[in-house]
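Dear colleague,

I am handing over the structure below, and would ask you to look through it before reading my notes.

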Amino acid sequence: VMFTLEEYDIKEEWISSETDEKSFPQKIIIKKAQIPYDLPLEIVNLALTRAIHNIGYSIISGKENSNKDKVTILAGINNIPSIKIELIKNKKLKYKKGKIALIIEDFGNRYDEVTKEFLKLPVKISISVVPGRQYSKKIEKDAVNEDKEVIINLPMESRRMLKKEKLLLKNNMKQTQVRTLMNRVFAEIPDAKGVNNYQGALATENVNLMRYLANILRRKGLFFVDSITSTKSKAYETMKKLKVKTEKRDIILDSEPIPERILYQLELLKQTSITEGKAIGIGKEDKITLETLKKELPKLEKKGFEFVFVSELF
């Protein structure tokens, strides 16, 4: 019982224990748990029922009061009760912590099981596709079919480009060149809801270049997320000034792609969403990132964190 309640972030101080030696022929344990008002009782009830069955007990009775703010479960073995659980709604307690928007980027070079599993993750995530790569179009199409949000992982010039990209926003581009480039990008990834920069430490410091891009995104109704690849980036403030829906990423999940580091970064992401009400995390299309998220995202959902598309933050 305690383990199941803890999964839903029902804190120990919200739970009381006592014994009843009068209502039944034998002594039984009573657990009274205060449940946050925004956490549906039926969710906790179902989880407890499964847990009780898993340890070999059975549910003898279960009932909800007329106000639908209290559920009582009586459980035991061989129809002999040994524990009573009372779930009581408390308007003063809050369950939901904050909104988390995950951007998984660098899609397009591969289409393997890791790619497919990212697209099938059972939470809302934004799939950021690099235009001009071999599988960019296919990934965009399949991501939409899997009800994921697609955004453009736009390659921008850096001081040291790690890869050669076919569609690259260069630091010395004129306004007409930026427009031509973005038309090619939009033709390849037409369902994109927004853009975030791939690399771009040099390009994002160029105010004029960011202004050219901002004007295009505003007309298209697309948002922009500054990945902050440079501490001198002008992208966010320029987009803001030109009335583009824009945010900055909060946490990079896997700059060091090892499980312990990703878990630590997820913890930072959680804390940011609690204090700020929302948080944006960016990760790569990487097997270690995938396996870590598969384990941890359901736990975060149980604890009241809400996963949303980036577009839902505006």
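The notes that follow deal with a pocket, a sheet and one leucine.

This is a predicted model, in which local features need pLDDT of at least 70 and side-chain atom pairs count only at pLDDT 80 or more, while totals for chains, interfaces and linings use all residues. Residues are numbered from 1 along each chain as its sequence is written, and side-chain values use heavy atoms, with hydrogens and water left out.

The largest pocket (an open set of points on a 1 Å grid over the protein atoms alone, where a 1.4 Å probe fits, with protein on both sides within 12 Å along at least five of seven lines) holds about 430 Å³ of space. Its lining (residues with an atom within 4 Å of a point) has 20 residues, and E105, I252, D254, S255 and K284 lie nearest the centre.

An open sheet of mixed pairing is formed by 5 strands (DSSP runs of E, at least two residues) in the order β1-β2-β5-β4-β3, where strands pair if DSSP finds at least two bridges between them. β1 (15-20) and β3 (58-64) stand at the edges with a single partner strand each, so one side of each has no neighbour in the sheet.

L48 is found in helix α2, residues 41-54 (helices being DSSP runs of H or I, at least four residues). L48 counts as buried because its relative accessibility is 1%, the limit being under 20% relative accessible area with a 1.4 Å probe and protein chains only. Beyond its neighbours within four places in sequence, L48 is in contact (heavy atoms within 4.5 Å) with V1, T4, L5, I73, I85 and L87.

Best regards

How values were computed. Buried < 20%, exposed > 50% of the residue type's maximum accessible area, 1.4 Å probe, protein only. Points joined across faces, edges and corners; volume = space filled by probe spheres on them.
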